[in-house]
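Student: I have a new model open and would like some practice in reading it. Could we go through it feature by feature?

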Amino acid sequence: MSVTHLNCASFRPALTFGGRAMPRTVVAHCLLVERPDGLLLVDTGFGTGDLADPRRLGQPFRAILRPVLDPAETAIAQLRRLGHDPADVTDVVLTHLDLDHAGGIGDFPFARVHVHAAELDAALHPTLKERGRYRSPQWAHGPRWVRHHTAGDSWLGLESVTVLGDDVLLVPLAGHSRGHSAVAVARPGGGWLLHAGDAYFAAGEKETPRTCPPGLRLFQSLTQADSHLRHSNQERLRELYAAHRDDVTVFSAHDPAEYAALSGTGGA
Ligand SMILES: [Zn+2]
C-alpha cells in the first residue's frame with residue numbers, strides 16, 4: 001500500500017473577510033491510496049464538472065475564497081499524470097460533502113463513495129441553513145453511496161467506523177457539518193495518517209485553539225453546523241495529537257504548510 005498527498009484545489013482568498021485578515025493561500029489536501037484491490041481517494045477537491053461550470057459553486061463562495069480552478073489540479077488529471085487509469089478508483093472516502101471536498105466524485109462515477117450517514121442525510125435533505133454549503137449537481141450522476149453508521153467501534157479512544165479492512169476508518173468529528181468525520185488511513189510503515197478534514201483550518205489549532213487567521217476563524221464559525229460539537233471535537237483532536245503525535249500524522253484539508261510538509265513540495 002502506498003499513499004500520495006494531492007492538492008486538488010488551490011484558493012487565493014480575498015485579503016479580508018468581515019474586515020479580518022485571511023490566509024494568502026488555501027489548499028484542498030486529498031490522499032491517493034494504492035491498495036492491493038484498487039485505488040482509493042480521500043476527499044476530491046473540485047472536479048471537471050465544477051471547472052466546466054464554476055457558477056455552480058456559487059458567487060459568495062467564489063468571492064470569499066477565490067478558487068483558482070486549475071484543470072491540472074483536479075484529482076482525475078493528477079491520477080493520469082501519475083500513470084493511473086481513473087477507472088481503477090474503486091473507492092472514495094469523504095470527510096464531508098461540502099462543495100470543495102465532493103466536487104471530484106463525478107469524475108469517478110463507478111467508485112463507491114463512502115460517507116457518514118448523518119452527512120449524507122444532511123446533503124440530500126439539507127435544512128434551510130445547510131442549503132448554501134452543498135451542491136447537488138456534484139452528485140447528479142448518482143454515486144454508489146455507502147452510508148456508514150456509528151456502531152460502537154473505537155480507535156485510540158475516539159469513536160470510529162470501519163470503511164475498508166483494518167486500514168481505512170471514519171472517525172466522526174461532527175460540528176463543522178452535520179456528519180463531518182476525519183479519515184484514518186494506516187501508514188505504510190506503521191502508525192496512521194489522520195485526515196481531519198475541516199475539523200480545524202490552521203496547523204496551530206492542533207495544539208492551541210484560536211490560532212487560525214481571524215478571517216478564517218470567522219468563516220469557520222459562520223459555516224459550522226453545531227458550535228458546541230465543533231469545539232468539543234476539536235478539543236478531542238488536540239488530546240489525540242498530544243498523546244499520539246509520533247504514531248498519528250494529523251493534518252487538515254486546507255492548511256498549505258501541512259500540505260507542503262507532507263507532500264514534499266517545499267514552501268506553501
Ligand atoms: Zn473545506
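Student: Let's start with the metal. Which residues coordinate the zinc ion?

Tutor: A metal site is read from its donor atoms, and please keep in mind that this is a predicted model. The zinc ion is held by an OD atom from each of D100 and D198 and by NE2 of H101 and of H254, at 2.1 to 2.4 Å.

Student: How are the donor residues of the zinc ion spaced in sequence?

Tutor: The pattern is D-H-x96-D-x55-H. D100 and H101 supply the D-H at its start.

Student: And what is the geometry of the site of the zinc ion?

Tutor: Geometry is judged from the angles among the donors. Here the 4 donor atoms give angles of 84 to 162°, and the site is irregular. Four donors would count as tetrahedral if all angles lay between 85 and 135 degrees. Bear in mind that water is not among the atoms, so sites may look incomplete.

Student: Are D100 and H101 buried or exposed?

Tutor: The cut-off for buried is under 20% relative accessible area. D100 counts as buried because its relative accessibility is 7%, and H101 does so because its value is 2%.

Student: Now the interior. How many residues does the largest nonpolar core have?

Tutor: In soluble globular proteins, nonpolar side chains tend to be buried together. In this model the largest such core has 24 residues, and L41, L79, V89, V92, L97 and F108 have the most contacts inside it. At least two residues apiece come from strands 1 (2–11), 4 (26–35), 5 (38–42), 6 (89–93) and 7 (112–116), and likewise from helix 3 (75–81) and helix 5 (117–124). Another core, of 18 residues, lies apart from it; A182, A184, L237 and L240 are among its members.

Student: Which residues does F108 touch?

Tutor: Leaving out residues up to four places away in sequence, F108 is in contact with L41, A75, I76, L79, P86 and V89.

Student: I'd like to try a strand residue as well. What surrounds V33?

Tutor: V33 lies in strand 4, and it counts as buried because its relative accessibility is 0%. Beyond residues up to four places away in sequence, V33 touches M1, S2, V3, G38, L39, L40 and V185. V3 is 30 residues from V33 in sequence, yet their C-alpha atoms are 4.5 Å apart.

Student: How many disulfides are there?

Tutor: A disulfide is a covalent bond between the sulfur atoms of two cysteines. The count here is 0. C8 is in no disulfide, and the nearest cysteine sulfur, that of C30, is 3.7 Å away. Because the cut-off for a disulfide is 2.5 Å, that pair does not qualify. C8 counts as buried at 2% relative accessibility, and C30 counts as buried at 1%.

Student: Where in the chain is phi positive in a residue other than glycine?

Tutor: Two such residues are R66, with phi near 45°, and L69, with phi near 60°. R66 sits in the loop between helix 2 (59–65) and helix 3, and L69 is in the loop between helix 2 and helix 3 as well. R66 counts as partly exposed because its relative accessibility is 43%; L69 also counts as partly exposed, at 23%.

Student: Lastly, which domain does UniProt place on this chain?

Tutor: An unreviewed UniProt entry places "domain: Metallo-beta-lactamase" at residues 27–244. Over residues 27–244 the chain is 27% helix and 25% strand, with the end C-alpha atoms 25 Å apart.

Methods: Residues are numbered from 1 along each chain as its sequence is written. This is a predicted model: local features need pLDDT of at least 70, side-chain atom pairs count only at pLDDT 80 or more; totals for chains, interfaces and linings use all residues. Side-chain values use heavy atoms; hydrogens and water are left out. A nonpolar core is a set of buried Ala, Val, Leu, Ile, Met, Phe, Trp, Tyr and Cys residues joined through side-chain atoms within 4.5 Å. Buried means under 20% relative accessible area, exposed over 50%, partly exposed in between (1.4 Å probe, protein chains only). Helices (H or I, at least four residues) and strands (E, at least two) are DSSP runs, numbered from the N terminus. Contact means heavy atoms within 4.5 Å. Donors are N, O and S atoms within 2.8 Å of the metal (3.2 Å for Na, K and Ca); water is not among the atoms, so sites may look incomplete. Four donors count as tetrahedral if all angles lie between 85 and 135 degrees; four count as square planar and six as octahedral if opposite donors are over 155 degrees apart and all others between 65 and 115; anything else is irregular. UniProt positions are given in the numbering used here, feature names are shortened, and annotations may be inferred rather than shown by experiment.
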